[in-house]
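Hello,

Here is the structure I said I would pass on. Please open it first and keep it in view while you read the notes below.

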Amino acid sequence: MDPNEAPLRGKKRVYDVAGKPKEEAQEEMVKLINKMAEHMQSVTRAVERLEANLAEMKTTIEEVGKTATTQYGQLKLAIGETRKDHKLFMGITKEALRNLDKQTAESIDEINENAAAIEGSLEATDALFQKFVNKTDEGMGRLRQGSLDNAEEIERLKLDMEQLKRELPKTSGAAGGIPSSGLTTVFDPSEPSIDIVFVHGFTGHPERTWTNKKGNRLDANANEEDDAAQPPSKTRKLNFLLQPGRCSPAHAVFWPRDLLPQSIPDARVLTYGYDTNIRHWIGPAASRSTIYDIAWDFLVTLEADRRSDPSRPLLFVVHSLGGIVIKEMLRRSSGCQLGQSHLHQVFESTTGIMFFGTPHSGADPLGFLRRTTELVATIAGFSVPQQIVNSLLPSSDRLRELRDEFVPMAHREGWFIHSFQEQQGLKALNGRKVVDDTSSYLNSPNVEITEHIARNHMDMYRFTGHDDVEYKKVVKALQRMASNVKDQGQTRRRRATAAQESALRENQAQMLLEVLRFDQIDSRQMSIKKAHAKSCKWFLTKSEYLHWLEAARVNEHHGFLWIKGKPGAGKSTFMKYIFANAKRTMGTAAVLSFFFNARGGTLERSTTGLFRSLIIQLLERIPETQRGLGDLNLPGLPTSIDHWSVETLKELFGHVVQMSKQNRPIICFIDALDECDEQEVRDMISYFEYLGELCVSSDIRFHVCFSSRHYPHITQRLGLSLVLEGQEGHNEDIASYLNTELRIGHSRIAEEVRAQVQEK
């Protein structure tokens with residue numbers, strides 16, 4: 001035996017310990033190594049995931065840090081803003097307390113003024129009564145002596161009594177003598193040629209609003225020496241309540257009474273008061289009247305006061321909210337032509353309006369004041385008429401409507417408008433104006449003159465005397481406006497002629513509407529079922545629909561969209577839905593519709609009925625187009641309307657479209673063209689293409705949406721189109737409808753039936 005053989009045999013025995021050949025052991029070793037490699041790969045992936053998670057956690061921590069830093073910064077800003085608001089609130093509160101002190105002092109002034117007025121009236125009455133006694137004694141003595149004929153002496157006594165009546169003091173215009181509500185005459189010349197009516201603003205008063213407590217009337221100190229020689233009066237006994245340095249009530253200037261009669265001596269001057277005041281909790285309840293209530297009450301009161309001479313020219317001087325009251329009052333008066341025609345005379349007699357700080361477009365600072373003042377008022381136990389405050393906010397749609405209605409009215413009537421704007425802000429608003437310049441004018445230079453008063457909103461309507469620089473501005477404007485009264489007669493005649501022409505045009509429009517209307521004009525549309533719940537909404541976001549309505553793309557498609565689909569695809573239901581949606585969401589647009597009906601009468605299935613219906617809708621949706629009908633040559637109105645040709649109706653429709661305002665879109669929905677004669681449809685399409693080109697060149701937004709089956713086969717030169725088949729949203733609508741309405745279960749056969757119905 002080879003000596004080396006033994007070790008080899010020993011090794012062989014080692015490999016054979018497991019009872020397996022060498023090759024198998026090697027294979028197992030390889031497998032084990034592969035498993036270890038796979039395990040290592042798994043560990044590597046786990047480590048990579050761990051690293052990714054750690055990176056993500058790091059990113060998250062960084063983002064949280066950034067967010068925390070941002071929020072901390074925002075919190076610091078919020079704290080800063082809160083401090084500013086607190087500081088501003090404290091300023092408002094202090095200002096409110098100062099105003100309360102001022103109002104208390106003014107109330108004391110009024111007590112003194114009333115006492116002075118009463119004392120003066122008593123003294124004058126006592127003197128006149130003594131004079132009356134003396135005159136009577138003299139007359140009776142002469143009668144007893146028989147020196148004169150009895151009849152002659154009695155006549156002489158009557159003349160003496162008339163003279164005494166004229167010498168009686170007129171206390172109605174005395175300080176403190178004007179009631180807070182209603183219409184009061186403060187100056188009445190013997191032969192007035194014009195009425196000038198003053199209307200105050202928010203929380204104002206018909207006298208205090210227009211009164212300067214520190215005036216410099218020429219007669220203010222005229223009797224100081226005489227007063228010094230007299231014993232203390234009742235007024236002086238009350239003067240201990242006045243603060244040191246405060247002006248004597250004798251210096252107060254109520255300029256509609258104390259200044260204006262010297263500037264315009266032939267003007268009757270009136271002042272009107274209404275309640276918008278805040279109330280303390282211990283006082284009476286706050287007013288609940290709206291602007292509409294106040295304006296109507298003012299109209300009725302003013303007409304009654306002027307009934308003896310209703311044609312006398314009218315001029316209004318108004319502050320802030322008073323301007324809105326006047327505009328609403330004139331709007332109501334202008335509408336009283338047929339019913340309550342006596343109230344229309346106020347509108348007819350108006351010649352001009354002077355505005356002081358009127359918020360024609362809303363007053364943004366007042367919105368700020370509402371948040372602060374209401375808080376202060378609540379703490380102090382006050383309440384504020386919410387509907388009055390809300391009407392002054394810039395978001396008030398009614399203010400914009402009044403402005404938009406008033407300007408054309410002022411143009412048409414030839415009124416003179418002078419708008420004074422506040423030049424200074426209020427300390428309580430950090431120097432900001434209550435009504436900024438963009439809101440306190442009408443932006444109508446053809447009839448309006450704007451001018452600044454070098455005072456704030458609360459003092460811009462009070463003057464110290466004839467030498468007051470700001471009063472000179474106002475009185476010059478009033479004199480200019482009043483001087484135009486001489487032309488009032490000619491103006492009224494022009495108005496009467498214009499009113500007659502307007503009435504004729506309105507009458508012609510009403511006759512036209514009546515003869516164009518026909519039975520079953522809406523019968524087809526009314527018979528179409530409403531769209532299934534949640535269906536059709538997908539169309540409102542389709543690019544074709546959005547591009548059709550986009551003004552910037554009108555040149556591309558000239559305003560035409562054609563929707564086509566198979567019979568029974570729900571086209572009419574679809575059109576009814578988008579028509580209703582357009583009416584609801586398109587604001588001022590004139591949205592029109594016509595649904596052809598092959599089973600209806602002649603007018604329901606012809607373009608004659610189409611154009612008659614569209615003309616009626618357009619005239620009713622845009623009433624101002626009715627005024628232009630008088631310039632058209634309408635054949636055979638009204639009896640021969642049934643004999644009008646389609647060409648005449650098309651021409652009339654085109655005229656009405658062109659008379660519409662350029663900024664007011666016209667949207668037409670015309671359904672089921674396949675239910676009308678094909679030749680009529682071709683002619684209609686051709687005319688609409690011509691009208692579309694005309695509207696594009698005239699910058700008039702005119703849009704038409706057609707719907708029909710896939711015939712008649714008419715090609716448009718320009719326009720968008722959409723086929724319902726294949727539209728995902730439409731298929732879902734049909735499937736939803738079938739699942740809801742086709743109640744045949746959910747078997748395999750039922751599903752096949754649904755699929756076949758949907759495919760058709």
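A residue is called buried when its relative accessible area is under 20%, exposed when that value is over 50%, and partly exposed in between. Keep in mind that this is a predicted model.

With those cut-offs, start with Val434. Its relative accessibility is 8%, so Val434 counts as buried. Val434 belongs to a loop, the one between β10 (416–422) and β11 (448–453). In sequence, Val434 and Pro359 are 75 residues apart, while in space their C-alpha atoms are 9.0 Å apart.

The two strands on either side of that loop lead to the sheet. Which strands make up the open sheet, and in what order? There are 7 strands, in the order β1-β5-β2-β7-β8-β10-β11, and the pairing is mixed. At the edges are β1 (182–187) and β11, each of which pairs on one side only. From one strand to the next, the twist averages 20°.

Within the sheet, look at β2 (residues 194–199) and β5 (residues 267–273). Their pairing is parallel and runs over 6 bridges. One residue to look up here is Asp195, whose bridge partner in β5 is Arg268.

Two helices go with the sheet. Helix α8 (residues 291–305) packs on the sheet and touches β1, β2, β5 and β7 (314–319). The direction of α8 makes about 150° with that of β5. Helix α14 (residues 469–483) lies across β2, β7, β8 (350–356), β10 and β11. Relative to β10, helix α14 runs at about 170°.

Next, find Asn581 in helix α19 (residues 571–585). Is Asn581 buried or exposed? Asn581 has a relative accessible area of 8%, so this residue is buried. Once neighbours within four places in sequence are left aside, Asn581 is in contact with Leu540 and Tyr545.

Last, go to the surface. Met29, Leu32, Ile33 and Met36 make a nonpolar patch of about 410 Å² there. Of these residues, take Ile33, which is in helix α2 (residues 22–145). Its relative accessibility is 48%, and Ile33 therefore counts as partly exposed.

If you want to go through this on screen, begin with Val434 in its loop, then trace the sheet in strand order, and end at the patch that includes Ile33.

Regards

Definitions and conventions
Residues numbered from 1 in each chain as written. Predicted model: local features only at pLDDT ≥ 70, side-chain atom pairs only at ≥ 80, totals over all residues. Heavy atoms only, no water. Helix = DSSP H or I, 4+ residues; strand = E, 2+ residues; numbered from the N terminus. Buried < 20%, exposed > 50% of the residue type's maximum accessible area, 1.4 Å probe, protein only. Contact = heavy atoms within 4.5 Å. Pairing = 2+ DSSP bridges. Axes fitted to C-alpha atoms, helices over the stretch in contact; angles between N-to-C directions. Patch = residues over 30% accessible without salt bridge, like charges linked within 9 Å, V, L, I, M, F, W, Y side chains within 5 Å. Areas by Shrake-Rupley, 256 points an atom, 1.4 Å probe, with all protein chains shown as cover. Salt bridge = Lys/Arg side-chain N within 4 Å of Asp/Glu carboxyl O.
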